[in-house]
Amino acid sequence: QKEEKMEQALKKIGSTWIGLEFNFIQHKDTDVQLIKLSEEDFETLEDHQLQIQNMMGSRYLSTFEDEEICQGAQVQTVSSWQKTLSAVSDVVSIMNEIQRTWAYLETLFIGSDEVKKELPEDTERFAGIDKDVRKVLADFSQIKLAAKACTVDGVLKLLEETQYKLELCEKSLANYLEQKRRIFPRFYFVSTSDLLDILSNGNQPDKVNFHMPKIIAAVDHLDLNPGPSPQDRPSATGLESCVGIEHIEFTKPLKVEGRVEYYLQDIQNRLTESLRDIMFQSLQSFATKSSVGEWLKSVPNQIILTVSLLDFTTKMRET
């Protein structure tokens with residue numbers, strides 16, 4: 001009776017996996033189809049693996065390890081199903097990781113000129129990874145059946161090698177971004193995707209200007225004056241605040257040139273210098289002001305607070 005239960009369980013497992021197909025999801029606007037198992041199918045996989053594991057410890061195991069008996073009963077051996085389901089579990093698990101990492105790095109190593117230029121070796125490595133991943137996904141899309149696709153000779157080994165190469169690319173990219181963040185620490189507050197967009201468009205300050213609120217708090221955008229010719233970089237003359245309506249004029253225009261991480265540091269320094277100069281001028285004008293209202297309109301908010309506190313402290317010390 002227990003042997004009959006094992007036989008029925010094996011037949012049920014066989015009938016399930018002989019027709020179980022992957023779910024396919026289109027990758028962006030390409031003809032690439034990403035694969036996944038539905039939650040229900042994944043639960044079925046775990047349940048069947050548990051059943052097979054229990055059979056491996058059964059005293060009737062030898063009956064269902066005999067290939068002649070199994071052929072007569074039209075079922076696969078228990079060890080055969082153990083290998084098949086294990087392969088499905090391993091391949092699906094590693095493919096989930098590969099697809100997630102590959103889709104993320106694809107836009108960087110293929111779409112970012114900055115990454116291609118700075119990481120040529122990893123860019124070449126990723127080109128090979130991209131080819132392998134697309135081929136595996138195309139094969140899976142053609143086969144469709146999960147058990148059949150996951151038990152193709154060499155597929156798991158190829159995926160393990162691909163995952164290792166992806167980790168190398170990801171590590172190189174992380175090290176590269178860390179170098180940029182150390183040069184200009186405000187990059188630590190910018191997401192990886194935004195940072196790569198900034199680095200990729202570093203020679204186009206107009207496009208970097210879009211990210212200024214994420215780089216320097218309360219700054220909406222820089223005021224950029226174009227250069228004498230289209231080939232020349234613009235000059236930053238001031239900034240507009242994203243808090244209320246406020247304009248800060250730089251004491252001297254700053255030519256936006258060099259690498260983006262360096263000229264952003266120059267902009268930050270020029271902003272600090274300009275605010276310091278404005279505060280010194282405001283201290284003098286506060287002492288000779290004819291109207292508080294007019295003085296408030298002509299001075300940036302932070303400077304108003306600082307100057308008024310300095311004046312209050314000075315008067316308190318005098319008294």
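## Before we start

Helices here are DSSP runs of H or I with at least four residues, strands are runs of E with at least two, and both are numbered from the N terminus. With those labels in hand, let's look around. Keep in mind that this is a predicted model.

## The largest pocket

Let's begin with the largest pocket, which has a volume of about 370 Å³. Its lining is made up of 17 residues. If you want to find the middle of the pocket, look for A217, A218, E246, L275 and Q302, which lie nearest its centre.

Which elements supply at least two residues each to this lining? They are β4 (235–241), α12 (260–287) and α14 (301–318). Of the lining, α12 brings the largest share, with four residues. Sorted by class, the lining residues of the largest pocket are ten nonpolar, five polar and two charged.

## A hairpin built on β4

We've already met β4 at the pocket, and this strand also has a partner. Strand β5 (residues 247–255) pairs with β4 in the antiparallel sense, over five bridges. For a spot to check by eye, find E240, which stands opposite H247 in β5.

The two strands form a hairpin with five residues between them. In this hairpin, G244 takes a positive phi near 70 degrees.

## The cavity

How many cavities of 30 Å³ or more turn up in a search of the whole structure? There is one. The largest cavity holds about 40 Å³ of space.

Around the largest cavity you'll find P205, V208, N209, M212, L222, L224, V256, Y263, L264 and I267. Two or more of the lining residues come from each of α10 (205–209), β3 (219–225) and α12. So α12, by the DSSP numbering, shows up here and also among the elements of the pocket lining. By class, the cavity lining counts nine nonpolar residues, one polar and no charged ones.

Strand β3 is also home to N225. Is N225 buried, partly exposed or exposed? It counts as partly exposed, because its relative accessibility is 40%, which falls between the 20% and 50% cut-offs. N225 and P253 are 28 residues apart in sequence, yet their C-alpha atoms are 9.1 Å apart in space.

## Aromatic rings

Now for the rings. The structure holds five aromatic pairs. One of them joins F22 and F24, which meet edge-to-face with their centres 6.4 Å apart and 75 degrees between the planes. F22 is buried, with a relative accessible area of 3%, whereas F24 is partly exposed at 27% relative accessibility.

Another pair is F109 with F126. Why does this pair count as stacked? The ring planes are at 20 degrees, with the centres 5.4 Å apart, so the pair is stacked, because planes under 30 degrees apart fall in that class. F109 sits in helix α4 (residues 78–109) and F126 in helix α6 (residues 120–143), so the pair ties together parts that are 17 residues apart in sequence. Both F109 and F126 are buried.

There is also a group of rings to look for: F22, F24 and F140 form one aromatic cluster.

## A charge over a ring

One last stop is F286. The charged end of K289 sits over the ring of F286, at 3.7 Å from the ring centre.

Technical notes. Residues are numbered from 1 along each chain as its sequence is written. This is a predicted model: local features need pLDDT of at least 70, side-chain atom pairs count only at pLDDT 80 or more; totals for chains, interfaces and linings use all residues. Side-chain values use heavy atoms; hydrogens and water are left out. Rings of Phe, Tyr and Trp (its six-membered ring) pair if their centres lie within 6.5 Å; planes under 30 degrees apart count as stacked, over 60 as edge-to-face and the rest as tilted. Buried means under 20% relative accessible area, exposed over 50%, partly exposed in between (1.4 Å probe, protein chains only). A charge sits over a ring if NZ of Lys or CZ of Arg is within 6 Å of the ring centre and within 35 degrees of the ring normal. On a 1 Å grid over the protein atoms alone, a cavity is a set of points where a 1.4 Å probe fits but cannot get out, and a pocket is an open set with protein on both sides within 12 Å along at least five of seven lines; lining residues have an atom within 4 Å of a point. Grid points are joined across faces, edges and corners, and a volume is the space filled by probe spheres set on the points. Ala, Val, Leu, Ile, Met, Phe, Trp, Tyr, Cys and Pro count as nonpolar, Asp, Glu, Lys and Arg as charged, and the others, Gly among them, as polar. Two strands pair if DSSP finds at least two bridges between them.
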